[in-house]
Structure formats: C-alpha cells, structure tokens
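Here are my notes after a pass through the file you sent over. I've kept them as numbered points so you can check each against the coordinates.

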Number of protein chains: 2
Amino acid sequence: MPDRHPTLDEQIAIYQREYRDLDPQVEKVVNAVSRLDRRMNVAYGRQLATLGLSNPEWEVLKELVMAGSPYQLWPGTIAKRLGLTPAAMTHRIDRMLGQSLVTRERDPDNRVRVIIGLTDTGREKWLEVMRKASVFEEDLLQDLTTDERAHLGDMLTRLLRRVEDAQPDAGGRLTDLD
Amino acid sequence: MPDRHPTLDEQIAIYQREYRDLDPQVEKVVNAVSRLDRRMNVAYGRQLATLGLSNPEWEVLKELVMAGSPYQLWPGTIAKRLGLTPAAMTHRIDRMLGQSLVTRERDPDNRVRVIIGLTDTGREKWLEVMRKASVFEEDLLQDLTTDERAHLGDMLTRLLRRVEDAQPDAGGRLTDLD
DNA sequence: AAGCTAAAGTTCGATGCTAAAGAGTACACA
DNA sequence: TGTGTACTCTTTAGCATCGAACTTTAGCTT
C-alpha cells in the first residue's frame with residue numbers, strides 16, 4: 001500500500017463502481033478542486049513556516065489586507081468570513097498582538113465593538129508571503145497558456161458566483177437569493 | 001462592514017494595489033480554487049451533519065472506499081494521505097469503531113501493523129453521502145456546458161499533476177521527480 | 001426616562017489535534 | 001543466534017478550536 005492516493009482518474013473509476021449513477025465529469029472537477037486546495041495549503045504552510053507565520057495567522061492577515069485601506073475589521077466579521085467562532089478569533093488576535101501583526105482597540109462609535117487593525121509589520125509580512133507564494137503559483141500554472149489561464153479563471157469564477165451568491169436551502173439545494 | 005468577503009475580482013484589485021508585480025490571472029485561479037474548496041466543505045459539512053457524520057470521519061471513509069476492494073488500509077497510510085499525525089488517526093479510528101463504520105485488526109504479516117477495514121455500515125454511509133452530495137455538485141456546475149465541464153476537468157487535472165507528481169525543493173520551487 | 005431585547009466579544013469547560021516519547025516487532029548483519 | 005536499527009502504532013502533555021454562558025453596550029418600546 002503506497003502512501004500516495006490513487007490518481008484522480010483512478011479514484012473516480014472506483015467511485016463509479018460503488019455508485020453507478022455518479023457523473024464522472026462533475027466528480028472530476030469537484031475532487032480536483034479539493035485535492036488542489038490541499039496541496040496548495042501544504043505548499044503555503046511550508047513557506048509561511050520559513051517566515052515564522054502560521055496558517056491561522058496568515059488567514060487573518062489576508063482578510064485585513066483584502067479589506068483595503070485603512071485595513072480595519074471587526075473580530076466578528078473576520079470570524080464569519082473565516083468560518084470560525086468569535087472565541088477562536090479572540091485567541092488568534094491575542095497571539096498576533098504579541099507579534100505586533102495587528103492592533104486591537106475599542107470602536108469609538110460603539111463601545112461593545114472592537115476594531116482590529118493591520119500594523120505596518122503585518123502588511124510587510126503579507127507582502128513577503130505573497131512574493132514567495134507567487135513563485136510557487138507561477139510554477140503551478142506553468143503548463144497552461146495565457147488563454148487557458150483566462151478560461152480557467154473565468155469558469156472557476158462562474159462556479160464561485162453560483163455558490164457565493166446563493167444559500168443552500170433546507171435540502172441543501174442552491175437557490176438564488178433574489 | 002458586511003460579513004461577506006469582497007468579490008474575487010475586488011480582492012485581486014486590492015492585492016494588485018498592494019503588490020504591483022502580482023499576476024492577476026494566476027491569482028484569480030489560485031484564489032478561486034481556495035474559495036471554492038471552502039464553500040464546498042461548508043456544504044458537505046451541513047449534509048454530513050444530517051447523516052450523523054463529522055468531516056473527519058468522512059475523510060477516513062473516503063480513503064477506504066477510494067482504496068477499492070477489499071477496502072483495507074494501514075492507519076499510517078491514511079494519516080499520510082490526509083496530512084495527519086498517526087496519533088490523530090488512532091483517535092479517529094477509536095471514534096469510528098464506536099459507530100461500527102470501520103474495523104481494526106492486527107496485520108497477520110506483521111504484528112506491529114494494524115489493518116483498518118470498512119464495514120458494510122461504513123460503505124452504506126459513504127453511498128448516502130455521495131447521493132446527497134451529487135445533488136449539490138450538479139447545482140454547482142449547472143452553468144457550465146458539457147464541453148466546458150470537460151475542459152475545466154482537464155485543466156484542473158493538469159495543475160494537479162504538476163503538484164502531485166512533484167515535490168517542492170528547499171526554495172519552494174516545484175521540480176519534477178524524475 | 002426605564003426596562004426589554006438584541007448584539008459583540010470574552011471567559012470557561014470539553015474535544016481533537018500536534019509533537020515527542022514509549023513499547024513492540026521485523027529485518028539486516030555479524 | 002544476538003544485537004542494532006528502523007519502523008508502526010499508542011500514549012501523554014500542551015495548544016487551538018468549539019459550544020455555551022456571561023458582561024457590557026445600543027437601540028427600541030412604552
């Protein structure tokens with residue numbers, strides 16, 4: 001028994017034997033996305049480690065940069081976007097404060113709220129990671145032509161729109177919001 | 001501040017302001033994959049919960065089915081494929097034994113080793129999940145024609161080959177194995 | 001204005017994960 | 001045959017996360 005998974009095509013062939021009505025085309029796309037994400041995260045994790053950053057910290061950094069200037073978000077917002085509980089955010093922020101990656105202050109407009117801000121250190125860390133990551137990402141896509149990259153990006157965006165603009169109903173079906 | 005992320009295109013526009021040399025085409029593909037995987041996992045998680053299954057348990061079930069008949073793997077193999085430590089596998093298997101999803105027995109060829117086997121109950125659970133999941137997956141891909149689905153699957157497979165057949169070197173570069 | 005309700009974030013107890021140490025087994029080589 | 005070495009799984013301690021209860025504040029209702 002080798003430590004590696006069967007190839008994607010082997011996996012789907014076996015799945016089809018177990019479940020006759022499975023659509024191999026759909027299954028291929030879905031499982032490729034899942035496998036790709038896992039591999040990408042392993043690669044990112046390795047590079048983050050060399051910069052003294054953990055994956056959880058990197059996630060928070062990304063959210064703050066993604067928010068754009070002035071790089072501020074409420075903890076609850078970050079938590080929801082990352083799919084975490086507020087409790088987990090409290091502890092993550094605690095740790096990141098110690099490394100001066102972020103700041104935490106009370107919201108002057110509502111004293112129950114708190115504002116998490118990105119420090120210059122945090123922004124520079126983000127940039128370092130991105131510079132390293134872009135080398136890996138370019139390698140990952142090296143077999144695709146510019147046209148293919150554009151087409152791939154376009155199709156993935158369409159899938160994403162389908163799932164980000166909709167909420168699954170009680171039966172798990174994706175239904176349009178409006 | 002809304003709880004939702006900026007759209008993918010907004011995210012990339014902001015990233016470009018922060019990091020001029022970023023390739024937006026590459027970034028779009030990579031971030032779309034990452035976002036898609038997160039959304040898919042949320043959707044799967046919801047459906048698993050209705051079947052009394054957790055995500056960790058589902059991962060193990062998938063590995064055993066993917067191994068094909070006779071649905072047996074060593075704990076260490078499953079751990080490596082899932083990116084977990086052996087210790088985590090020990091505990092996962094403990095929990096799954098309680099639900100009769102898997103069996104654990106000593107390997108007759110090497111008494112240090114252990115063989116994890118899939119029970120009929122486990123196989124039926126896998127099938128239930130797949131039936132539910134395929135509804136969601138079909139919804140996810142509904143905007144793509146058959147040709148597009150094939151092309152998308154093909155391109156993703158090529159990315160996957162690049163990252164599954166290679167090991168990043170010390171600098172994080174992807175290099176061919178042979 | 002006073003009290004009610006909703007919302008944000010922190011604290012607390014329980015669970016699952018990791019890293020490292022430990023116990024048991026197989027194999028190579030003298 | 002005996003010993004060393006490598007390997008596999010389990011155990012243990014420490015840490016991150018979750019679910020739930022709690023504190024504080026804002027805004028609505030009467």
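1. Let me start with the make-up of the surface near DNA strand D: eleven of its residues are nonpolar, seven are polar and five are charged. Keep in mind throughout that this is a predicted model. In total, 23 residues surround DNA strand D, and the closest are A:R95, A:V112, B:P75, B:G76 and B:T90. As for which part of the strand they meet, sugar and phosphate make up 78% of the strand D atoms that come within 4 Å of the protein.

2. Which elements build that surface? At least two residues each come from α5 (86–98) of chain A and, on the chain B side, from α4 (75–82), α5 (86–98) and β3 (110–118). The top contributor is α5(A), which puts in five residues.

3. If you want atom pairs to look at on strand D, try the phosphates. The side chain of A:R95 has an N or O atom 2.5 Å from a phosphate oxygen of DNA strand D. For A:T85, a polar side-chain atom sits 3.0 Å from a phosphate oxygen of that strand. Chain B joins in through B:R113, where a side-chain N or O atom is 3.3 Å from a phosphate oxygen of DNA strand D.

4. Now the other strand. DNA strand C is surrounded by 20 residues, with A:P75, A:T90, B:T85, B:R95 and B:V112 as the closest. How do the strand C atoms within 4 Å of the protein split between backbone and bases? Sugar or phosphate accounts for 83% of them, and bases for the rest. Sorted by class, the surface near DNA strand C holds ten nonpolar, five polar and five charged residues.

5. The phosphate contacts on strand C come from both chains. In chain A, an N or O atom in the side chain of A:R104 is 3.3 Å from a phosphate oxygen of DNA strand C, and a polar side-chain atom of A:R113 is 3.5 Å from one. In chain B, B:R111 uses its backbone: an N or O atom there lies 3.4 Å from a phosphate oxygen of DNA strand C. The elements giving two or more residues to this surface are α4 (75–82) and α5 of chain A, plus α5 and β3 of chain B. Here α5(B) gives the most, with four residues.

6. On to the chain A sheet. Three strands form an open sheet in the order β1-β3-β2, with antiparallel pairing. At the edges are β1 (72–73) and β2 (102–106) of chain A, each of which pairs on one side only. Five bridges link β2(A) to β3 (residues 114–118) of chain A, again antiparallel. One register check you can make by eye: A:R104 has A:I116 as its bridge partner in β3(A). Note that A:R104 is also the residue whose side chain comes 3.3 Å from a strand C phosphate oxygen.

7. A helix packs on that sheet: α3 (residues 55–66) of chain A touches β1, β2 and β3 of chain A, and its direction makes about 90° with that of β3(A).

8. Chain B also has an open sheet of three strands, in the order β1-β3-β2 with antiparallel pairing, and β1 and β2 of chain B are its edge strands. Between β1 (residues 72–73) of chain B and β3(B) there are two bridges, and B:L73 has B:I116 as its partner in β3(B). Six bridges connect β2 (residues 102–107) of chain B with β3(B), where B:T103 is paired with B:G117. The hairpin from β2(B) to β3(B) goes through two residues. Across β1, β2 and β3 of chain B lies helix α3 (residues 55–66), running at about 100° to β3(B).

9. Last, the overall form of chain A. How many helices and strands does it have? Seven helices and five strands, following the pattern α-α-α-β-α-α-β-β-α-α-β-β along the sequence. Its radius of gyration is 20 Å, well over the 16 Å that the globule rule gives for 178 residues, so chain A is more spread out than a compact globule. Taken along the principal axes, the C-alpha atoms of chain A fill a box of roughly 60 × 40 × 40 Å.

Key. Residues numbered from 1 in each chain as written. Chains lettered and ligands numbered in written order. Predicted model: local features only at pLDDT ≥ 70, side-chain atom pairs only at ≥ 80, totals over all residues. Heavy atoms only, no water. Near = heavy atom within 4 Å. Polar contact = N/O pair within 3.5 Å; in protein donor to acceptor, adjacent residues only side chain to side chain. Nonpolar A, V, L, I, M, F, W, Y, C, P; charged D, E, K, R; others polar. Pairing = 2+ DSSP bridges. Contact = heavy atoms within 4.5 Å. Axes fitted to C-alpha atoms, helices over the stretch in contact; angles between N-to-C directions. Rg over C-alpha atoms; globule rule 2.2 N^0.38 Å.
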